[in-house]
Every structure is written in structure tokens, then in C-alpha cells.
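Please open the structure in a viewer and keep the selection tool at hand. The stops below are to be taken in order.

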Amino acid sequence: MAGSTLEIKNLHVSIEGKEILKGVDLTVKGGEFHAIMGPNGTGKSTLASAIMGHPKYEVTEGSILLDGEDVLEMEVDERARAGLFLAMQYPSEISGVTTSDFLRSAINARREEGDEIPLMKFIKGLDSDLDFLEIDKSMATRYLNEGFSGGEKKRNEILQLMQLKPEIAILDEIDSGLDIDALKVVSKGINKMRSEDFGCLIITHYQRLLNYITPDFVHVMMQGRVVKSGGPELAQRLEAEGYDWIKEELGIEDETVEQNA
Amino acid sequence: MTVDTKLPYDRSYIEQFSSERNEPVWMKELRLNALEKAELLELPKPDKTKIGKWNFTRFKHVATGGKIASLKELPSEIHDFFDEENLPENIVIQRNHTVAFQQLNKDLADKGVIFTDIFTALRDHEELVKRYFMKDAVSVDEHKLTALHAALMNGGVFVYVPKNVKIEEPLQSIFWQEDAEVALINHVLVVAEENSELTYVENYISNNQDEATVANIVTEVIAQDNARISFGAVDNFAAGTTTYVNRRGVGYRNATIDWALGQMNDGNTVSENVTHLIGDGAVSNANAVTVGRGQQTQNFTAKIVQFGKNTDGQILQRGVMKDSASSIFNAIGKIEHGASGANSEQTSRVLMLSEKSRGDANPILLIEEDDVTAGHAASVGRVDPMQLYYLMSRGITKEEAERLVIHGFLDPVVRQLPIAAVKKQLKQVIERKVN
């Protein structure tokens, strides 16, 4: 079996009564890397948050299925245990909980009681991923995200991705605020995950991340919908020409979700 | 307002109690004198908590406890206080009002270190105890409870570290109230002479869920010039015990007194932790955590008074409140005139887990000198839903996520407890109280 399938159909999402997503259709399968691009304010991050179950976002129409199971019926933690992962744009700081203790709790949450990961095995795996991502070992004993720089937070999200090995990951602007060296390391971590059993949805508004991670599919979001899809060549063209040609092609004047009151 | 409660103990009772323990005459006099004051003085008035109706005066006064031959004979709840693989070398276990077990490393004894129960100390080290007992730190006549304490003291330990002696292994006391009805009026006196160092950790435990009794605890911690004292405690009196606990430190030149207090009583509690930094360059870090549950009302005052120049006083209080528990946290930094270069900081944070619980954090700065630095912070809040969302998005259940956030909230204080086994035991108590 080659991984899981995440199916999003006609998804409408509101926040505080305001509709942000207006009918998104998208399917991500194991082995596939999808990039969602688009200018700011077009609903990309809302899509990520809605898939994971952020408490402030309300799905008003449509469906999200993971291998046929209704994701919208699941609590946030159930979605994660079903195989979803969201690398967040703004990860919370959890004072008093070390990165290491948190990771062990998260790994054990996926395992049966009595079948917890052996401590030595956990430490070995963690050390090896820390090395791979060129993260100082001290991060394991620091409180989760507390006092982390922007770059450290992003690396930590990828560390979690590598440790938790989800079926489908959504990366929400994992490249924002990273310098070129950090961007390379983060990309290296994501590329290492590539396999038939792993599908990935990469949200970004810069093409530069895609210089290091080659997507199989590229989608452009505007006005709360996917307005154009294509292969890696679409990202190249966006890099060269920007978004205006798409707006012209589709007759869109303001690509953002309307701010009208 | 005076509370009309005639004390159930009189002069002849105290004379007899003191004589039976072969106490020196001055001690007997001190007790009798204190009894008179206890009749006259009023209860203390902790800020924002009314304790006028709390029972501090009616209790059974004495119970003995059997000796034990080795630490292995203790019940499991006491075993939690130490590491089975690495039994403490220096320990006093007080069972009700009797020493059940005690030992002190011979090397330390040879160096002149004293670690024994207060009654033995009154006989064998009379002059030392007399020099410090309720003199420089806590006074007999502060209020009704300090006077009552002196009159009826029925337990405690004396710790003395001579000049230049640095103790690496911690000294540990366990005050085990096995008798559900008996009061514990415990006096802990810790004296570190010049340039000495020690770590002392104490545990209080009782099991009286329904039987009502009293704990009246006075702890005096004296750090002479350049002495360093690390003081840890886990208080775990059951719901039936009404507690007054007063831990007071006095630090002289360049002395350090660090407190790490796990205040986990289930009954009503008034706690004062006051440190006087007398000498120039003296430092104190006063850290305390609590978890309030059930119907209990608690009042925690942490105060550092700075007299010396370039002194540093840091207060950190963290509390978790659930059910209908109510707690007041007062963190007071006081810098006296002349204490130039002093720094004073207070942080009080309260996490509320229920609608009915109440938490009140009051950081207070009282400054009588210009050339100082000071700061304070306070917050009372609920578990952040974004933190829960983040943790749950990694597959952690809501209950476990809340547990992580709560333990994390208390960790900055818990991690400072000096003995690993006691730290672990405190975590267990926290676990029990929050779930």
C-alpha cells in the first residue's frame, strides 16, 4: 500500500462569521509533494488550520477525508493520530515542558499503552535527527519554543515532523523568516521524508523554497479557492512573471479574500 | 477584634511537659512567658484572608511514635521521599513527636556538624540553641501563633554547620504525622556559620482527611557571613490540618539563602516566607509552588527585606487553583534606606483550572532608597487554548496536554528542589492534586 490519501472537497471555512475559504478542492496522496502558492491574504494558512482543526476556524460546507475517514468529525489529537501533521507558522511556546519530554509524549500518544518507545531508542533517534538538522543538542532540554529564534522554531517543527513520521504533512510557510542556510537545512529535512508513504502539502508565497524542494504539483490560491494547478513549471513561471498573468487570465482584480464589512 | 478562645493548656501542663523532656530552665521560662503572651496577643492578619474563625488553638498535643530499625521498614508513602538505591546518609525521621530514625555521616559529625531533634539539641547543645532560638529571626511575641508555638513546641530539628564546613550531601528531615489527631508544633532551626554551605530538605506529611488538627511551624534559617544555604521543602498536610507555617531567613554579609518550597497542603494554610538580607551582598531566591483544590483557603506571603548594600532578592510564586480553592499570593520586596545598589524582583503567576476557584496575585514593592533596581510581574489566567491546540496537533490528548501545561507551569520552581527523589515526590503530589 502506498501511503494515505487526503481528499478536500468544496471546503468552505469561516472565521468569526467571515467566509475565508470558498470551495477548495484538493487531493494529496502518499508519495506526492504539493505546493500551494499565492499572494498574502488568499486563504492558504486558513486551509492549513482548517485541516488540522484550529478551534477558531469553522467549516461551513464541504468535506475533508483521510483514507475515507471523516476528518471533520475528529478532535485535533485524533486527526494527528490518524496521520496528519501541521508544521505551524507560529508555534506556541510551552513553558516548563522540554522539547524532549514533549516529543516523547507525542510519540507515545501514537503507541499503545505498555508499548511506549524505549528511552534509549528515543534518545538515539532524537540525537540523530538533531544532528541531521544541525540543531544544537541543548534544544532537547530547552522548554518547547520558549525563547527560540524564528529559525529555531522552524527547525523544531521539522524535527517534530521527522520524529513523528506522519502520513500527510502540511507545512505552513515553513520558509518564512529563514536565512538561506536555515532554508537549506529545513529543506533537507523535508526531502528526507520523501517516500511512497508520505504526502506533503507545502504552503508558501515565495518560490525560493521550491528551489530546494521539487513539488510534483503546484496550486495557486486566490480569493479563497484554488484557481490554477499545474506541475513544477507553474512555480517557475510564477517566479519569473509573478501572479499578474493569472489574475488577467481569470479576470481577477483583487486576489485577496474580500474585506468588505 | 479578639478571639475569645481560652487556651486548653495551662502553666502546670507546660511545666510538666518541659520537665519530662529535661529542658533547660531558660527554655521552660521562655515557654511559660510565651503562654502568657499567647493569651493576650491576636492572630496574625494575613493580607486579604480572614482567619479569625480558623482553629489554631484546640488540638491534642502529644503523641509518640515507635522507632524503626532501618529505612526499609517505612511505609511506601514515606519511601517516596528518597531513592531506594541511594538511601540518604543524613536523615531525621520524626514520627508524631518521637525520632523514629536518625543518622548523620560520621565525617560530618567529626567536623562538628549537628543534625538532631530539637529536644536532644536543647540538652546537648544548649548554648547554641539558646543563642538562636527565636532571637534573630522570629520573635515569640509577634502574634498569638508565634507565642503559642513557643509555649507548646512539640517537635523539630536543629541543624548546625560550623565555620568553613561545606556539606555536599543534603540533610533531610521527614516529619511524619502518623496520629491523625495530634498537632505538630514544629521548630526547625538551621544555623550556617561563616563560610559554610549546606542543603537541607524537609517533608511534612499527614493522613487526616476528616480529623481536625493543627500544624504550627516556625523555621529559622541563619546564614552567617559568606554562608550558603539551599532550603527545600514539600508540605503535604491532609485536608484536616489547619496550618500556620512561618519560614524565616536571616542573611549576613555575602550570604545566600535559597528557598524552594512545594506547598501542597490540602487544608487551610497561612504561609509566610520572609528573608532579611542584613549584610552587604546577601542574596535570596525565594521560590514557591502550590496547587489548591477542594474547598481550601490559603494565603502565601513571600517577602524579602533588604538592609544591606548590593543585596539581591528574587521572589517567584506559582500557583494552580482548581475546584473551589482560593489562594492569595503576596510577593513583597522591601528595600530599606541605605541599601544602595539593591535589586528586588517579584513574579507571581496563577493558573486557574475552574470557574469557582479564586487566585489573587499581589506583587508589592516598598522602596526607601533611590539607588536601586526593581521589577515585578503578576498574572492570573487560564490554560491557553492555543497551547492545547498545538500540543493536541501532535497527537497528545486534551487531558495529557493540560497535564503537560500545568506541570510545565510549575516546573520553574519544582526543578529547583535540591534532592532528586524529593523533586520526583513533589511531581507525584502535583499529579495527584491536579487530576
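How are H8(B) and H9(B) oriented relative to each other? Before answering, please note that this is a predicted model.

**First stop: H8 and H9 of chain B**

Select residues 385-392 of chain B, which form helix H8, together with residues 398-414, which form helix H9. Their axes come within 9 Å and cross at roughly 120°. Angles of 65 to 115 degrees would count as roughly perpendicular and those over 145 as roughly antiparallel; H8(B) and H9(B) are therefore oblique to each other. The crossing in which H8(B) passes H9(B) is right-handed. To see the contact itself, display Gln387(B), Leu388(B), Leu391(B) and Met392(B) on H8(B), then Lys398(B), Ala401(B), Glu402(B), Leu404(B) and Val405(B) on H9(B). By class, these residues comprise 6 nonpolar, 1 polar and 2 charged.

**Second stop: H2 and H7 of chain B**

Now select helix H2 (residues 25-40) and helix H7 (residues 144-152) of chain B. Here the axes come within 7 Å and the crossing angle is roughly 150°. H2(B) and H7(B) are therefore roughly antiparallel to each other, and H2(B) passes H7(B) in a left-handed crossing. On the H2(B) side, the contact is made by Leu30(B), Arg31(B), Ala34(B), Leu35(B), Lys37(B) and Ala38(B). H7(B) contributes Lys144(B), Ala147(B), Leu148(B), Ala150(B) and Ala151(B). The contact of H2(B) with H7(B) divides into 8 nonpolar, no polar and 3 charged residues.

**Third stop: Leu426 of chain B**

Proceed to Leu426(B), which lies in helix H10 (residues 420-434) of chain B. Is Leu426(B) buried or exposed? With 26 other C-beta atoms within 10 Å, Leu426(B) is buried. Leaving aside residues up to four places away in sequence, Leu426(B) touches Val234(B), Gly262(B), Val414(B) and Leu417(B). Add Ala233(B) to the selection: Leu426(B) and Ala233(B) are 193 residues apart in sequence, yet 9.3 Å apart in space from C-alpha to C-alpha.

**Fourth stop: H5 of chain A**

Turn to chain A and select H5(A), residues 150-164. For its 15 residues, at 1.5 Å a residue, the expected span is 21 Å, and the end C-alpha atoms are 21 Å apart, which agrees. Among the buried residues of H5(A) are Lys154(A), Asn156(A), Ile158(A) and Leu161(A). The buried residues of H5(A) pack against strand S6 (84-87), H3, helix H4 (119-132), strand S9 (168-172) and helix H6 (180-193) of chain A. Just after H5(A), Lys165(A) takes a positive phi of about 45°.

Keep H5(A) selected and add H4(A), whose axis comes within 10 Å of that of H5(A) and crosses it at roughly 135°. That makes H4(A) oblique to H5(A). H4(A) passes H5(A) in a right-handed crossing. Gly125(A), Leu126(A), Asp129(A) and Leu130(A) of H4(A) meet Leu159(A), Met162(A) and Gln163(A) of H5(A) in this contact. Those residues divide into 4 nonpolar, 2 polar and 1 charged.

**Last stop: where the chains meet**

Finally, display both chains. How many residues does the contact take from chain A and from chain B? The contact takes 22 residues from chain A and 22 residues from chain B. On the side of chain A that touches chain B, the elements giving two or more residues are helix H2 (76-82), strand S7 (94-98), helix H3 (99-109) and helix H5 (150-164) of chain A. This side of chain A has 13 nonpolar, 6 polar and 3 charged residues.

How values were computed
Residues numbered from 1 in each chain as written. Chains lettered and ligands numbered in written order. Predicted model: local features only at pLDDT ≥ 70, side-chain atom pairs only at ≥ 80, totals over all residues. Contact = placed C-beta atoms within 7 Å. Helix = DSSP H or I, 4+ residues; strand = E, 2+ residues; numbered from the N terminus. Nonpolar A, V, L, I, M, F, W, Y, C, P; charged D, E, K, R; others polar. Expected span 1.5 Å × (residues − 1). Buried ≥ 20, exposed ≤ 12 C-beta atoms within 10 Å, placed from the backbone. Axes fitted to C-alpha atoms, helices over the stretch in contact; angles between N-to-C directions. Parallel < 35°, antiparallel > 145°, perpendicular 65-115°, else oblique. Left-handed = near helix turned anticlockwise from the far one by under 90°.
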